[in-house]
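Welcome, and please open your viewer. We will take this tour one selection at a time.

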Amino acid sequence: MKTESLGLEYTLNEDNNSYSVVSVGTCQDTDIVIPSKYEDKPVTVIWANAFNGYTSLKSITIPESVTSIGEDAFYDTAYYNNAEKWGNGVLYIGTHLIRAKTSINGAYTIKDGTKCIASSAFYECDNLKSITMPESVTTMGSGVFWKCKKLENVVLSSNLTSIESWTFYQCDILSNIIIPDSVTLIGSSAFEYCKKLETVQIGNGVVIIGSKAFAECNSLTSIEIPNSVETIESE
């Protein structure tokens, strides 16, 4: 069993009950193992660009406690640049989907067992037409499908807990979406500029709808807000 890496930089999250990995810090490991706990609190987040440019990084072990991975967290590392790590145009680290190549096209089904989708994972995948998530997916970061201009069909996991900010921003031809009851948050600008969006079914678990969540959705003529919603944020 690999030893947990020392020297990584952490910061306490706003909830005061968990930690984020901020950067590689003073760690010089080429095979990094992120611990599930730091100072007796769970490690739940890896910040955007946390390991960006750390070219020595050949492998990374991410604990199950991590539920959020920021944009480009592992960009330009030896792991990221290793073509053998990419399968069917998609890069994984364990159960975490990190990035898809912009050349990915047509229908794509995320593999069973995937738990977390990193921020901007499918950003500007212009020829992606359909996405299907397995029930194993519980979290995804912000901007996951930003500017997927040919994305028509989306099947979300029934265990997904939130739709973060900018998730479907400028998905030009997305016409309908079913948001499962498991989702509690629709983030700001989540569907902004989805100009062909006509129907939205909001699940009964949604508590917060962020500002401009459906701004510039010119084809959306009506939407039913469930009783679960407590807050609709303004700009």
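**Stop 1: the surface**

Select I223, I225 and I232: they form a nonpolar patch on the surface, with about 250 Å² of accessible area together. Patches are made of residues with over 30% relative accessible area and no salt bridge (a side-chain nitrogen of Lys or Arg within 4 Å of a carboxyl oxygen of Asp or Glu), and nonpolar side chains (Val, Leu, Ile, Met, Phe, Trp, Tyr) are joined within 5 Å. Accessible areas come from the Shrake-Rupley method with a 1.4 Å probe, and for residues only the protein chains shown count as cover.

This is a predicted model, where local features need pLDDT of at least 70, side-chain atom pairs count only at pLDDT 80 or more, and totals for chains, interfaces and linings use all residues. Residues are numbered from 1 along each chain as its sequence is written, and side-chain values use heavy atoms, leaving out hydrogens and water.

**Stop 2: the sheet**

Now find I225 in the loop between strand 20 (208-209) and strand 21 (231-232); strands are DSSP runs (E, at least two residues), numbered from the N terminus. Strand 20 and strand 21 pair in the parallel sense over two bridges, and two strands pair if DSSP finds at least two bridges between them. Look for I208 opposite T231 in strand 21. Widen the selection to the open sheet of four strands, in the order 16-18-20-21, with parallel pairing. Strand 16 (162-163) and strand 21 stand at the edges, each with a single partner strand, so one side of each has no neighbour in the sheet.

Methods:
Patch = residues over 30% accessible without salt bridge, like charges linked within 9 Å, V, L, I, M, F, W, Y side chains within 5 Å.
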